[in-house]
Every structure is written in C-alpha cells, then in structure tokens.
Amino acid sequence: MYELTDKEHDAVLQLNDEYREAHFKQKAQSQQGLYILLGEEGPFMLSDLEEDENQEKSTVLPVWCHEKYAQDYAEMNNLSDVKPQFITAKAWNEYWVKALEEAKVLLGFMPINDSFNVGDVTPIETNVNVNQQ
C-alpha cells in the first residue's frame with residue numbers, strides 16, 4: 001500500500017468521477033492491487049442506478065486504490081459490517097476478473113457517496129515496475 005497523506009486524500013476527494021477513475025487505475029497498477037469492502041456474506045455490491053438497454057440494473061463492485069477511501073465510504077454509508085480488503089493483482093487477474101465477468105458485474109471506481117464512474121472489469125497490468133509509486 002502506498003503512503004497516503006492527508007493532503008492527497010483531501011485532494012482526491014475533490015476530483016470528479018473521471019479523474020478519480022484515472023487516479024484509481026494508476027495507483028492500482030503501481031501498487032499491484034486494489035481494495036474492496038468485504039463482509040461475512042462476501043464482497044459489498046451496489047446496484048447501478050441507471051438501467052441498461054434491457055431495462056435491467058447492473059450489479060456494481062465498488063473498488064478503491066487505498067484502504068482509507070474504502071473505509072471512508074463504509075463510514076459515510078453506515079456500513080459497519082464490512083471492512084476494506086486488499087486484493088493483489090495476481091488474485092484479481094486469476095480469479096476475480098473471470099468470476100465478475102461471468103456474473104456480469106461492473107466496477108464502480110472510487111465511489112464518494114453516490115458519485116462514481118462505472119466500467120467493465122479489466123485485469124491489472126502486471127508487467128510494470130512495481131517500485132514506481
């Protein structure tokens with residue numbers, strides 16, 4: 001996990017959805033992993049508020065690049081039964097990507113309250129120098 005300063009934390013919270021998504025992708029790649037919220041029943045999921053072309057709502061797995069952002073979200077939404085869980089790029093790529101794609105789950109990038117971008121599940125690139133942060 002990279003060191004998150006209070007200044008960076010507060011600055012990222014002010015970013016719009018697109019910039020938070022870009023920030024997430026850069027940090028997930030550099031630290032070779034990401035955070036989800038995990039409870040006894042499994043990963044915390046959301047329903048996408050917008051319906052697709054078949055009038056169906058999507059299931060969304062919220063993801064964060066740092067434990068603090070996931071914890072902030074849990075606290076803001078009174079989710080006392082979940083805790084941030086780090087998933088390595090190796091585990092993400094080998095297990096999670098396929099399972100989430102098969103279940104037609106989308107990713108919600110760094111939600112702040114109900115504001116976030118939704119996108120397809122993709123692997124985390126692993127051919128990078130993991131010392132770059």
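**A three-stranded sheet, its helices and the nonpolar core**

In strand β2, Pro-43 is the bridge partner of Leu-38. This pairing belongs to the contact between β1 and β2 (residues 42-43), two strands that run antiparallel and are joined by 2 bridges, and the connection from β1 to β2 is a hairpin with 2 residues. The description given here rests on a predicted model.

The protein chain comprises 4 helices and 7 strands, which follow one another from the N terminus in the order α-α-β-β-β-β-α-β-α-β-β. Of its 133 residues, 44% count as buried, and the accessible surface amounts to about 8100 Å², with 45% of that surface belonging to carbon and sulfur atoms. Among contacts in the protein chain with a separation of 6 or more, 73% are made by residues 24 or more positions apart.

The hairpin of β1 and β2 forms part of an open sheet of 3 strands, in which the order is β2-β1-β5 and the pairing is antiparallel. Strands β2 and β5 lie at the edges of this sheet, each pairing on one side only. Helix α4 packs on the sheet, where it touches β1, β2 and β5, and its direction makes about 90° with that of β5. On the other side of the pairing, β1 and β5 are linked in the antiparallel sense over 7 bridges; within this ladder Ile-36 stands opposite Gln-85, while Tyr-35 has Phe-86 as its bridge partner in β5. Because 5 of the 7 residues of β1 are buried, this strand is largely enclosed by the rest of the structure.

The largest nonpolar core holds 36 residues, of which Leu-37, Leu-61 and Trp-92 touch the most other members. Two or more residues are given to this core by each of α2 (17-31), β1 (33-39), β4 (57-63), α3 (67-76), β5 (82-88), α4 (89-102) and β6. Such an arrangement may be read against a general tendency: in soluble globular proteins, nonpolar side chains tend to be buried together. When residues up to four places away in sequence are not counted, Leu-37 touches Gly-42, Pro-43 and Phe-44, as well as Trp-64, Ala-70, Tyr-73, Ala-74, Leu-79, Val-82, Lys-83 and Pro-84.

Three of these contacts of Leu-37, namely Ala-70, Tyr-73 and Ala-74, are among the buried residues of helix α3, which also include Tyr-69 and Asp-72. In an α-helix there are 3.6 residues a turn, so residues three or four places apart point the same way. Asp-72, which lies in α3, has a relative accessible area of 11% and therefore counts as buried, the cut-off being under 20%. Leaving aside neighbours within four places in sequence, Asp-72 is in contact with His-9 and Leu-13. After α3 comes Asn-78, a residue whose phi is positive, near 50°.

A further antiparallel pairing is found between strand β6 (residues 105-112) and strand β7 (residues 115-119), which are joined over 4 bridges. In this pair Phe-109 of the chain stands opposite Asn-117 in β7. The two strands form a hairpin with 2 residues between them, in which Asn-113 takes a positive phi near 55°. Strand β6 is also one of the elements that give two or more residues to the largest nonpolar core.

Methods. Residues are numbered from 1 along each chain as its sequence is written. This is a predicted model: local features need pLDDT of at least 70, side-chain atom pairs count only at pLDDT 80 or more; totals for chains, interfaces and linings use all residues. Side-chain values use heavy atoms; hydrogens and water are left out. Buried means under 20% relative accessible area, exposed over 50%, partly exposed in between (1.4 Å probe, protein chains only). Contact means heavy atoms within 4.5 Å. Accessible areas come from the Shrake-Rupley method with a 1.4 Å probe; for residues, only the protein chains shown count as cover. Two strands pair if DSSP finds at least two bridges between them. A nonpolar core is a set of buried Ala, Val, Leu, Ile, Met, Phe, Trp, Tyr and Cys residues joined through side-chain atoms within 4.5 Å. Axes are lines fitted to C-alpha atoms, for helices over the stretch in contact, and angles run from 0 to 180 degrees between N-to-C directions.
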